[in-house]
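Q: Could you take me through one part of this model up close, the place where two helices pack together, and then show me how it fits into the rest of the chain? I'm new to this, so please go step by step.

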Amino acid sequence: MPRSRITGNFIDKTFSILANILLRIIPTTSGEKEAFTYYRDGNYAEALQNYYEAMRLEIDPYDRSYILYNIGLIHTSNGEHTKALEYYFRALERNPFLPQAFNNMAVICHYVKLLVYSYSDRGEQAIRQGDSELAEACFDQAAEYWKQAIALTPENYIEAQNWLKITRRFE
């Protein structure tokens, strides 16, 4: 298995094997396959270059949605949450049936949105002052994204469903 990150972990090995099989059978361009390979191997800069090239060449909105989603994943991995949200939004504009994009947006809002807001003066001030209203707004936004993800795939995101119930945000 060339270029794969196989460790002693059974789950990692299984993922690598499945990823290699999927790369061979899924009808994608060679650029998209190469980009995914770089992403899987942790070479995010190289993966981004290939995804941007794939965006330049791909015309199908559905396929472009997955490319945009993958770019969002890389930005999330790099801690660039504002950029990640932008790419998840763009992916959903082309394909509103991406529950994983809604989930990732919810996770950003739930866990790190306060960090994103901290780049503005108002956000920094709110964080220093312990602004629970801002935190509540972030949690509310996360809840909305998780509800959309769950609506698309009700059997998934069990932890999010539990959080929604515990916080009384599940309708």
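A: Let's start with H8 and H9, whose axes cross at roughly 130° and come within 10 Å of each other in this predicted model. Angles over 145° would count as roughly antiparallel, and 65 to 115 as roughly perpendicular; the value for H8 and H9 falls in neither range, so this pair is oblique. The crossing of H8 past H9 is left-handed.

Now look at the side chains. On the H8 side, the residues that meet H9 are Phe-139, Ala-143, Trp-146, Lys-147 and Ile-150. Their partners in H9 are Ala-160, Gln-161, Trp-163 and Leu-164.

Keep an eye on Trp-146, for this residue leads us further in. Together with Tyr-69, Ile-71 and Tyr-88, Trp-146 touches the most other members of the largest nonpolar core, which has 33 residues. Helices H3 (44–57), H4 (61–77), H5 (81–94), H6 (99–117), H8 (132–152) and H9 (158–166) each give two or more residues to this core. As a general point, nonpolar side chains in soluble globular proteins tend to be buried together.

Another of those core residues, Tyr-69, is worth a visit. Leaving aside residues up to four places away in sequence, Tyr-69 touches Tyr-88, Ala-91, Leu-98, Gln-100, Ala-101 and Asn-104.

Tyr-69 also takes part in a second helix pair, H4 with H5. The axes of H4 and H5 are 8 Å apart, at an angle of about 165°. That angle is over 145°, so H4 and H5 are roughly antiparallel. Their contact includes Leu-68, Tyr-69, Ile-71 and Gly-72 from H4, and among the H5 residues are Ala-84, Tyr-87, Tyr-88 and Ala-91. The crossing of H4 and H5 is left-handed.

A database record covers this region too: an unreviewed UniProt entry lists residues 65–98 as "repeat: TPR". In the model, that span is 79% helix and 0% strand, and its end C-alpha atoms lie 9 Å apart.

Finally, let's step back to the chain. It has nine helices and zero strands. Of its 171 residues, 41% count as buried. Among contacts with a separation of 6 or more, 45% are between residues 24 or more positions apart.

Methods: Residues numbered from 1 in each chain as written. Predicted model: local features only at pLDDT ≥ 70, side-chain atom pairs only at ≥ 80, totals over all residues. Heavy atoms only, no water. UniProt positions renumbered as here; feature names shortened; annotations may be inferred. Helix = DSSP H or I, 4+ residues; strand = E, 2+ residues; numbered from the N terminus. Core = buried A, V, L, I, M, F, W, Y, C linked by side-chain atoms within 4.5 Å. Buried < 20%, exposed > 50% of the residue type's maximum accessible area, 1.4 Å probe, protein only. Contact = heavy atoms within 4.5 Å. Axes fitted to C-alpha atoms, helices over the stretch in contact; angles between N-to-C directions. Parallel < 35°, antiparallel > 145°, perpendicular 65-115°, else oblique. Left-handed = near helix turned anticlockwise from the far one by under 90°.
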